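Work through the exercises below with the sequence and the model open beside you, and try each task before reading its solution.

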Amino acid sequence: MLLSSNLRKQVKLSFTSKTKIVFNETTEFSVFVSTKDNFNYTLHIDDVKGNIRDLKITPLNGLQNLSCDEANGTYKTNAAELQYPFQFLIECDVEYKIVTPSTWSTEFGTCSDCLKFLNLFECLEGKIPFENYKFYKLQWFIKKVEADFVEFTIKNPHQIQINGQKGDFNLIANVHQDFLLELYFVYDPKVIEMLNKNSENANKAEISTISLIEPTVSSTDSVPKENPILVETLIQKPIVKDIRDLEDEECHAGKNAKINDSVLDENVLNDQHVPSIVSPKVPEKQLNEITSEADKQKDASKPPTKSQNMAEATSFKTGDYVILISSDGKRIFSSASLLIRHSYIFATILKNIKKSPVKINVEEFHSDIIYSALDFLNGKNDAINGKEIELYHFADKYSLRDLKKICCNKFDKLLSLKNVCKIIKIAYENYFEELKLKCIEMIRLNTEKIGESELKTLPTEIYAEIFI
């Protein structure tokens, strides 16, 4: 279907050669720059491909579109503007492919004993029969990457959307907890039907310790139910079971998230009926108190251990949700399953709560940090940009391993005089020797610029290592 569309591209132009601006396979052009005085420049449009109308060029360091000489189709700019990228906005006709996506959901699970059975750099392997398609299957791996952690991967060569993400699906899990994961797929049935004709996909998932029995097929499209999928192992029989007629009830983590009032219990609107939990103020291994207004349970205040079974850790279901109260008093909705899946601290906090929703006071963190953390857990990796240090502390407190890892990986590039005193503390806490030495060198060379008041915030042992 051919539709008129506005397309944008941001490109840094070359002074010495043509710069090609490509919008899609059928629409592109080139730009070359000329000058007579090395300050005033002219942009020439050449090699036009496609039906391009109403070209507007805007420098990113300015607000006005470049003036156009309609007689020869050139645009006027200057050397200062050319130091920055330009935005190119065009109107053109684009061929769109009409897609009617389908959805399907299932649960994948295995027991903690199976995960502990693996030695380092050993893996389990298998295939998930996809909905009611006879041949098409998705290959999965459970890889032992560390002593206490495995990485679960679903190979996704055909860009099916899995839990909101395209590409291969990856998740880190603790071996001391039963692994149970809800998988939600969005896909183009025409593509899958074409791939399903290939009988090569009919190979059974045969591995050394796991074999798949004839699967259940169930989806949101009322597919007839067959036998359940059982994953048999030498240790125990974990289950991969399908969920029928599942609606996507997860609350979005973004700032624009909306909660449908129709799913809220009347009591939810009155805070006094919502179980309230005070966020722990001590390290995760010394979690001392979990308070519920509905029911204060003493056994919930015991320190959590990594050996806790996830099935025991919570009775929450997919549709249940949590209200996080930030330091600035905002109520932030998130699905309970999202928090439980990524954090055994939250799983422990929610262990004995029977009623949804639950209110958790996250007193030390601003709403912007909580929103960004939840956005990251929902697959928006760029949500952490500019907030890495604050998000590190949030991830460290609530044992969000993936978030903590990606923040730590960025500190080396983010290091500056403004944040060096904060990052060096993190480097010492995590034994990042290379980052620690880099911070020490920066502080020694820029002591006066950093300032005495900032340096006094450093712990005594760090201060002593730098200056004594």
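**Exercise 1. Determine how many disulfides the model contains, and classify C68 and C114 as buried or exposed.**

A disulfide is taken here as a pair of cysteine sulfur atoms within 2.5 Å, and by this rule the count comes to zero. For the second step, buried means under 20% relative accessible area, exposed over 50%, and partly exposed in between, with a 1.4 Å probe and protein chains only. C68, at a relative accessible area of 37%, is therefore partly exposed, whereas C114, at 3%, is buried. The model is a predicted one, in which local features need pLDDT of at least 70 and side-chain atom pairs count only at pLDDT 80 or more, while totals for chains, interfaces and linings use all residues. Residues are numbered from 1 along each chain as its sequence is written, and side-chain values use heavy atoms, with hydrogens and water left out.

**Exercise 2. Work out which strands stand at the edges of the open sheet that contains β9, β15 and β13.**

Strands (E, at least two residues) and helices (H or I, at least four) are DSSP runs numbered from the N terminus, and two strands pair if DSSP finds at least two bridges between them. The order of this three-stranded sheet is β9-β15-β13, with antiparallel pairing. β9 (102-110) and β13 (161-162) each have a single partner strand, so one side of each is left without a neighbour in the sheet, and these two are the edges. Between β13 and β15 (residues 179-187) there are two bridges, and Q161 stands opposite V186 in β15.

**Exercise 3. Establish how far helix α6 is enclosed, and by which elements.**

Of the 11 residues of α6 (residues 367-377), 10 are buried, so the helix is largely enclosed by the rest of the structure. Among the buried residues are I370, Y371, D375 and F376. Contact being defined as heavy atoms within 4.5 Å, the buried residues of α6 pack against β20 (321-325), β21 (331-335), α4 (336-342), α7 and α8 (401-414). After α6 comes G379, whose phi is positive, near 100 degrees.

**Exercise 4. Identify which residues touch the most other members of the largest nonpolar core.**

A nonpolar core is a set of buried Ala, Val, Leu, Ile, Met, Phe, Trp, Tyr and Cys residues joined through side-chain atoms within 4.5 Å. The largest such core has 54 residues, of which L324, I360, F394, L403, F411 and I424 touch the most other members. A second, separate core of 28 residues includes W104, Y136, V150 and F169.
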